[in-house]
Amino acid sequence: MKKFFIIIFAIFSIGILSSCKTSSKDSVKTNSNPHQAIQGEWISYSESKINLPKTTSAADAHKLLDLTASTSEKIKFDKKKVILATNEYDYKLGRQIIIGSYSYDYKLEHGQDILKFDTTSSDIGGNVYYRVGSKLEKEKTKEINDKEAKEKKSVTHLNEVWKAKTDIIEKSLKEAMIGTWSGHFKAVATTGQGVAWAPGMQTLTFDGGTNLSFHASSDSLTILTKK
């Protein structure tokens, strides 16, 4: 019976010691120095985006979609300085990060491998930064690259199909417009040179390629241009 109580006491003691060690580890992790934890290089990402062409140029007429590539920006902390977009600033760390005359709310998450800023009124581009070299950073990089590769493939395919269709339409229109087209124009009282235009005829000639000829004539003036 005495031996039984000794065994029970030993098991109970081991349990208490184990609990104390775990509690001690958690306490160390929770109370780690944030100034030391924030030091190092961090990276933030913007994802790629699919959008419509922004201009109305001839080249854009042959594209259905554009792909804006993903971007990244880095921020680096050492003991006293922080580097933002190649510019170096002094910083102070407390309940907030103070950089120059700006203060930012922040927090470290996921084993101190994610740094989050409150950027509602700041000039820091990204609000979530990943510690460079961490598992989370590598996973996020792969996620961004995989997404962009799929989007690029889709956009390229759709643009190729669109271009083939527009080439057919453009060719059909050029063929349909080959020849000379004529019409009457009204009298023009005067031009900048003081030349009066009487009523007359004007013609447009399409050759099916890139050339367009324009001819206008009246009783007092004839003009011929070619492009």
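Two strands count as paired if DSSP finds at least two bridges between them. With that in mind, here is how the strands of this predicted model fit together. Ser-46 has Thr-71 of strand 4 as its bridge partner, and this is part of a longer story: strand 1 and strand 4 (residues 71–77) run antiparallel and are joined by seven bridges. Strand 1 also pairs with strand 10, again in the antiparallel sense, through two bridges. Here Ile-43 sits opposite Tyr-130 of strand 10.

Stepping back, eight strands close into a barrel, in the order 1-4-5-6-7-8-9-10, with antiparallel pairing. From one strand to the next, the twist averages 35°. Helix 4 (residues 135–177) packs on this sheet and touches strand 1 (40–46), strand 9 and strand 10, with its direction at about 25° to that of strand 1. Those last two strands, strand 9 (residues 114–117) and strand 10 (residues 128–131), pair with each other over three antiparallel bridges. Lys-116, for one, faces Val-128 of strand 10.

Now for a residue of the helix itself. Glu-137 belongs to helix 4, and its contacts beyond four places in sequence are Ile-43, Tyr-45, Tyr-130, Arg-131 and Val-132. Two of these, Ile-43 and Tyr-130, are the residues that stand opposite each other between strand 1 and strand 10. Glu-137 is buried, yet makes no salt bridge. Why not? A salt bridge needs a side-chain nitrogen of Lys or Arg within 4 Å of a carboxyl oxygen, and the nearest side chain of opposite charge, Lys-138, is 6.4 Å away. What Glu-137 does have is a polar contact of 3.3 Å between its side chain and that of Tyr-45.

Key:
Residues numbered from 1 in each chain as written. Predicted model: local features only at pLDDT ≥ 70, side-chain atom pairs only at ≥ 80, totals over all residues. Heavy atoms only, no water. Helix = DSSP H or I, 4+ residues; strand = E, 2+ residues; numbered from the N terminus. Axes fitted to C-alpha atoms, helices over the stretch in contact; angles between N-to-C directions. Contact = heavy atoms within 4.5 Å. Buried < 20%, exposed > 50% of the residue type's maximum accessible area, 1.4 Å probe, protein only. Lys, Arg positive; Asp, Glu negative; His and termini not counted. Polar contact = N/O pair within 3.5 Å; in protein donor to acceptor, adjacent residues only side chain to side chain.
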